[in-house]
Every structure is written in structure tokens, then in C-alpha cells.
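Visitor: Hi! I have a structure open here and would like to talk it through with you. Could we start with whatever catches your eye?

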Amino acid sequence: MATIPNLNSLRRGRGRGFGRDVSRPGKDQVVQGTDNDASVSRLSAVQLGYLDDPYATALTPPGSATRRLPIINRGRAITTITISKQRAIANPATGTYVRTTTIDQLVTRFLGPWAPDNKRKQIISLGAGSDTRVFRLLSLRQSPDFVYHELDFAVNTTAKIRAIRSAPELQRVLGIDSSVPEKDSPVKVSEAGDALQSPSYHIHPVDLRTLSSHDDPAKALPGVETDLPTLLISECCLVYLSPVEAQKVVLWGETAVPLGLILYEPIRPNDAFGEVMVSNLAAREIQLQTLHKYASLEAQRARFRDQGFGDGQAAGDVEFLWKKWVSEEEKDRVAGLEMLDEMEEWELLARHYCIAWGWRDQDDISAFAGWKTLEAQQGG
């Protein structure tokens with residue numbers, strides 16, 4: 001693998017290797033394209049003060065900044081529906097306040113307080129795209145108390161690595177020093193520009209549907225350590241796979257014990273709001289293949305139980321998480337950022353997305369100790 005060269009040479013080579021997935025079926029390209037909408041919506045939430053994320057700008061395509069609607073900034077949706085006015089606004093895969101802060105809390109509790117003698121932990125983010133979480137964690141925590149892996153299509157990993165190569169703030173977080181000779185850099189990038197390896201952060205170009213063909217995660221993904229407590233994160237990622245394919249991805253991760261899983265997905269597709277949501281997505285050729293199988297909070301909990309997360313599992317929709325997990329002081333702060341006139345529509349939207357999480361401790365009961373206090377704090 002090639003090291004990351006200095007910033008000037010990177011700018012000269014910008015764009016190389018992008019588009020290796022152009023031969024994939026059109027439906028895959030639609031899914032890949034949702035990441036741009038995600039980064040734009042995240043940047044909107046940051047610029048308006050909902051989130052503190054100094055890396056959002058660097059990972060948003062230049063010139064694409066757009067102010068999202070208040071219900072998108074506060075919530076998080078693949079599609080926003082305003083039923084009363086019979087209009088549908090499509091914003092695939094955005095990343096905003098409730099979703100981001102809830103998952104951040106779960107991740108923080110999984111990692112626990114930093115201590116030099118703590119056992120390292122591992123996070124594997126599925127379909128990570130332009131997500132900034134790893135940079136925020138690396139800037140706040142001392143290495144090497146965790147290792148972070150991101151998986152996505154090569155077209156998306158190439159774009160992210162290109163952004164890293166162009167952004168000094170991202171390079172600083174990764175410990176890249178342009179004055180250090182390339183051969184001595186701790187960060188390596190593949191010749192194709194679609195994979196990255198470093199002591200604490202790895203980017204893997206991979207189609208999740210191929211993972212089940214590998215019995216050994218360490219062989220499928222260089223740098224994965226099967227003896228570490230591991231957390232899988234899927235933010236509207238597994239929902240694009242068939243139920244069988246999604247289950248195989250989780251089963252593939254079972255070699256890591258203890259194992260945790262966080263899912264962010266839409267639910268309730270069969271009421272009036274949900275039907276318009278599904279129709280709107282279909283018009284954009286987006287099909288959420290697991291949506292009808294895991295259509296409720298209870299179905300999501302049962303999904304975790306069926307996949308062996310019997311030690312603990314929980315789920316709550318975004319409306320519940322906003323009301324119960326966000327302090328009154330923080331609600332007041334967020335409410336003051338911009339006027340939210342469509343409160344009824346916000347509540348409708350928030351009831352149609354959920355975060356579900358589960359853990360399997362087995363021999364190491366401490367790995368998810370921070371989650372156990374949250375087990376009862378779930379929606380109905």
C-alpha cells in the first residue's frame with residue numbers, strides 16, 4: 001500500500017481511482033448516491049448549531065451546502081412527508097440531531113472512560129460513507145484505546161480518502177505529517193486510492209453482500225481483530241439488503257465476542273405516512289428491503305433476539321428518544337435555533353424512524369456495561 005504523500009502532491013492527483021463501481025447495477029449506484037444527501041444534511045445541522053462537528057465541511061462535496069428544513073435538521077429521515085399538504089420531499093440518508101446524538105451516546109457508553117490500561121475495543125461502521133464520527137472520536141480520545149473500521153462501496157471509500165487527502169484538519173486527526181517521508185507514514189492508502197490502513201482507523205472498499213463468503217473477518221478485512229469487544233453500526237445501511245443478506249452480515253460479525261449492534265432504520269411503513277414514504281422512495285428507485293419485515297419496534301427487538309442478542313436488546317423511535325433522552329435544557333436550546341411550525345409533521349416523521357441496539361456479552365460482562373442502564377429506556 002502507498003503512504004499518503006504531502007498535501008501538494010495529493011492535490012495534483014485528486015480524482016484518481018474514483019468511479020471503480022460504475023459497472024455495478026443501477027440500484028447500487030442509487031444507494032451509493034444517498035451519501036451525498038447525508039453529508040449535505042449533516043452540514044446543514046452543523047451550520048445552524050444543532051451539532052458541533054468541525055469535520056462536516058471537509059467531508060461535504062464543495063458547493064453542495066444546502067439549508068435543510070427544520071424537521072430534517074432536528075430529526076433524521078430518508079424521506080420527509082408532509083401529508084396535510086400532500087407533498088413529499090425526498091432527502092435520502094441524512095444525518096442530523098436526534099440520530100447523531102443518540103448513537104453518539106451509545107458509542108460513548110460502549111467505549112467507556114478512557115484509561116491507558118483498558119482493553120482496546122473495536123467499532124465496525126457499515127456503509128459509513130462520509131460519516132465524521134471516527135474523526136470526532138479520535139480528536140476526543142487518546143489512542144490506542146479503540147480501532148475503527150469503515151465499510152462501503154469503493155466509489156464512496158475513494159471519495160472519502162480523496163477528502164482526507166485534501167483536508168489538513170482530517171490529516172491532523174489521523175496523525176499525518178507532510179514533513180515525514182512517505183515510507184515512514186503510519187497511514188497507508190492502496191494504489192487504487194480506495195482503501196486506507198492506520199493503527200486506529202481503517203477504510204475498506206467492500207460490498208457487504210460478499211462478506212458472508214468469508215469465514216474469517218480478519219482475512220476479509222485487514223486489521224479486524226476478532227478477539228476485541230466489537231460494535232457494529234448500521235445507519236440506514238442493512239435496510240438496503242434483503243433480510244437474508246442483512247442477517248448474514250450480522251452472523252459474519254459473530255466471530256467477535258462480545259458483540260454489539262446499533263441500527264438506525266425507518267419503521268411503520270403501513271400507515272398513511274409510511275405508505276407515502278415508501279412510494280416516494282420507490283419513485284427515486286430506492287427500495288428498503290428489510291422495512292416490511294422489521295416494521296415495528298417489537299419486530300426490531302425480536303430481530304435482535306432471533307440473532308442471538310438475548311443478553312440485552314432495546315429500541316425506541318425518534319419521537320421517544322427526543323422526549324426521553326434529550327434534557328429539557330437541550331430541548332430549549334435546539335428549539336431556539338429555528339422556528340419549527342410543523343410540529344405535528346415532525347412527530348409523524350419521528351415515529352417512523354427508530355434506533356435499536358443489542359449486545360451479547362458472554363464471557364466479558366463489562367464490555368456493554370454502560371448500555372445495561374439504558375435497556376429499560378425504550379419506546380413502545
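**Rings, cores and strands**

Guide: Happy to! Lysine 121 lies over the face of phenylalanine 110, at 5.1 Å from the ring centre. Do keep in mind that this is a predicted model.

Visitor: Noted. Which ring has the charged end of arginine 360 over it?

Guide: That would be phenylalanine 309, with the charged end of arginine 360 sitting 4.5 Å from the ring centre.

Visitor: Back to phenylalanine 110 for a second. Which aromatic cluster is Phe110 in?

Guide: Phe110 forms one aromatic cluster together with Trp359, Phe368 and Trp371.

Visitor: And how many aromatic pairs does the structure hold?

Guide: Nine aromatic pairs. One of them is tyrosine 264 with tyrosine 353: the ring centres are 5.9 Å apart and the planes are at 10°, so this pair is stacked.

Visitor: Where do tyrosine 264 and tyrosine 353 sit in the chain?

Guide: Tyrosine 264 is in strand β10, residues 259-266, while tyrosine 353 is in strand β12, residues 353-360. The two are 89 residues apart, and their pair links distant parts of the chain.

Visitor: Is tyrosine 264 buried or exposed?

Guide: Tyrosine 264 counts as buried, because its relative accessibility is 0%. Tyrosine 353 is buried too, with a relative accessible area of 1%.

Visitor: What about phenylalanine 368 and tryptophan 371, how are their planes set?

Guide: They make a tilted aromatic pair, with 55° between the planes and 4.9 Å from centre to centre. Phenylalanine 368 has a relative accessible area of 0%, so it is buried. Tryptophan 371 is also at 0% relative accessibility and counts as buried.

Visitor: Let's move to the nonpolar cores. Which residues touch the most other members in the largest one?

Guide: The largest nonpolar core has 68 residues, and those touching the most other members are Val107, Ile123, Phe135, Tyr201, Ile262, Trp357 and Trp371. Helix α4, residues 97-111, gives this core its largest share, seven residues.

Visitor: What's in the second core?

Guide: The second core is separate and has 27 residues, including Leu238, Ala246, Leu263 and Phe304.

Visitor: Phe304 rings a bell. Which residues of helix α11 are buried?

Guide: Helix α11 covers residues 297-306, and its buried residues are Leu297, Ala299, Gln300, Arg301, Arg303 and Phe304. They pack against α9 (243-252), β10, β11 (312-317) and β12.

Visitor: A glutamine in that list! What does glutamine 300 touch?

Guide: Setting aside residues up to four places away in sequence, glutamine 300 touches Leu263, Glu265, Ile267, Tyr294, Cys354 and Ala356. With a relative accessible area of 0%, glutamine 300 is buried.

Visitor: What happens just after α11?

Guide: Glycine 308 comes there, and it takes a positive phi of about 90°.

Visitor: New topic: strand β8. How many of its residues are buried?

Guide: Four of the five residues of strand β8, which spans 201-205, are buried, so the strand is mostly covered.

Visitor: And which strands pair with β8? Parallel or antiparallel?

Guide: Strand β5, residues 146-152, pairs with β8 in the parallel sense over five bridges. There, leucine 151 stands opposite histidine 204 in β8. Strand β7, residues 196-197, pairs with β8 in the antiparallel sense over two bridges. Here leucine 196 has isoleucine 203 in β8 as its bridge partner.

Visitor: How many residues join β7 to β8?

Guide: Three residues, in a hairpin.

Visitor: What about proline 205, is it buried or exposed?

Guide: In between: proline 205, which lies in strand β8, counts as partly exposed because its relative accessibility is 31%. Leaving out neighbours within four places in sequence, proline 205 is in contact with Asp152, Ala154, Thr157, Asp194 and Ala195. The C-alpha atoms of proline 205 and alanine 195 are separated by 6.0 Å, with the two residues 10 apart along the chain.

Visitor: Last one. What does the secondary structure of the protein chain come to?

Guide: It comes to 15 helices and 12 strands. Of the chain's 380 residues, 56% count as buried. Among contacts between residues at least 6 apart in sequence, 78% join residues at least 24 apart. The accessible surface of the protein chain is about 15700 Å², and 50% of that belongs to carbon and sulfur atoms.

Terms used. Residues are numbered from 1 along each chain as its sequence is written. This is a predicted model: local features need pLDDT of at least 70, side-chain atom pairs count only at pLDDT 80 or more; totals for chains, interfaces and linings use all residues. Side-chain values use heavy atoms; hydrogens and water are left out. Buried means under 20% relative accessible area, exposed over 50%, partly exposed in between (1.4 Å probe, protein chains only). Contact means heavy atoms within 4.5 Å. Accessible areas come from the Shrake-Rupley method with a 1.4 Å probe; for residues, only the protein chains shown count as cover. Rings of Phe, Tyr and Trp (its six-membered ring) pair if their centres lie within 6.5 Å; planes under 30 degrees apart count as stacked, over 60 as edge-to-face and the rest as tilted. A charge sits over a ring if NZ of Lys or CZ of Arg is within 6 Å of the ring centre and within 35 degrees of the ring normal. A nonpolar core is a set of buried Ala, Val, Leu, Ile, Met, Phe, Trp, Tyr and Cys residues joined through side-chain atoms within 4.5 Å. Two strands pair if DSSP finds at least two bridges between them.
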